[in-house]
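Q: Could you go through this structure with me, step by step? I would like to ask things as they come up.

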Amino acid sequence: MKKKLKNLGKKPIGNLDGIESDGKGAYFVTDWTGAKLYRVKKNGKFKVVADVGKGAADLEVILEKNLVIIPIMAEGKVIALKVK
């Protein structure tokens, strides 16, 4: 099976770290230096879901609870966000 790689956007949106599906065809993505959680669509369009803190790293998404859990490494904490 052969797969093709595709860029999701035309320009970089940050120093991205973690990526997880939102269960609806887009992705939640953390920005380590920009301190943000993004939702990125397959066409490359994105929006800021929340300002979360510098050092936002690999995240966990619990779809059935609409919950995103993110370690904020630079602050030594873990946060949980309800998302729609």
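Q: To start, where does Pro 12 lie?
A: Pro 12 lies in the segment before β1, the strand that covers residues 16–21. Strands here are DSSP runs of type E with at least two residues, while helices are H or I runs of at least four residues, and both are numbered from the N terminus. This is a predicted model, in which local features need pLDDT of at least 70 and side-chain atom pairs count only at pLDDT 80 or more, although totals for chains, interfaces and linings use all residues. Residues are numbered from 1 along each chain as its sequence is written, and side-chain values use heavy atoms, with hydrogens and water left out.

Q: Okay, and is Pro 12 buried or exposed?
A: Pro 12 counts as exposed, at 76% relative accessibility. Buried means under 20% relative accessible area, exposed means over 50%, and partly exposed is in between, with a 1.4 Å probe and protein chains only.

Q: How far apart are the C-alpha atoms of Pro 12 and Gly 44?
A: Those of Pro 12 and Gly 44 are separated by 10.0 Å, and the two residues are 32 residues apart along the chain.

Q: Switching to charges, how many salt bridges are there?
A: There are three salt bridges, where the rule asks for a side-chain nitrogen of Lys or Arg within 4 Å of a carboxyl oxygen of Asp or Glu.

Q: Which residue does Arg 39 form a salt bridge with?
A: Arg 39 pairs with Asp 22, and their closest N and O atoms are 3.1 Å apart. Arg 39 lies in strand β3 (residues 36–40) and Asp 22 in the loop between β1 and β2 (27–31), so this salt bridge ties together parts that are 17 residues apart in sequence.

Q: Buried or exposed, those two?
A: Arg 39 is buried, with a relative accessible area of 17%, and Asp 22 also counts as buried, at 7% relative accessibility.

Q: And what about Lys 36, which residue is its salt bridge partner?
A: The partner of Lys 36 is Asp 51, with the closest N and O atoms 2.8 Å apart. Because Lys 36 lies in strand β3 and Asp 51 in strand β4, the pair ties together parts that are 15 residues apart in sequence. Lys 36 is partly exposed, with a relative accessible area of 24%, whereas Asp 51 counts as exposed, at 60%.

Q: Which residue forms a salt bridge with Lys 77?
A: That is Glu 75, and the closest N and O atoms of this pair are 3.0 Å apart. Lys 77 is partly exposed, with a relative accessible area of 38%, and Glu 75 counts as partly exposed too, at 43% relative accessibility.

Q: New topic: how many aromatic pairs are there?
A: The count comes to one aromatic pair. Rings of Phe, Tyr and Trp (its six-membered ring) pair if their centres lie within 6.5 Å, and planes under 30 degrees apart count as stacked, over 60 as edge-to-face and the rest as tilted.

Q: Why is the pair of Tyr 38 and Phe 46 called edge-to-face?
A: The rings of Tyr 38 and Phe 46 have their planes at 90°, with centres 5.4 Å apart, so the pair is edge-to-face. Tyr 38 is buried, with a relative accessible area of 5%, while Phe 46 is partly exposed, with 40%.

Q: What is the distance between the C-alpha atoms of Val 48 and Tyr 38?
A: The C-alpha atoms of Val 48 and Tyr 38 are separated by 4.5 Å, and the residues are ten residues apart along the chain. Val 48 lies in strand β4 and counts as partly exposed, at 40% relative accessibility.

Q: Any odd backbone angles? What is phi of Ala 35 near?
A: Phi of Ala 35 is near 65°, a positive value in a residue other than glycine. Ala 35 lies in the loop between β2 and β3 and counts as buried, at 12% relative accessibility.

Q: And where is Asn 66 found?
A: Asn 66 is found in the loop between β5 and β6 (67–72). Phi of Asn 66 is near 50°, again a positive value in a residue other than glycine, and Asn 66 counts as partly exposed, at 39% relative accessibility.
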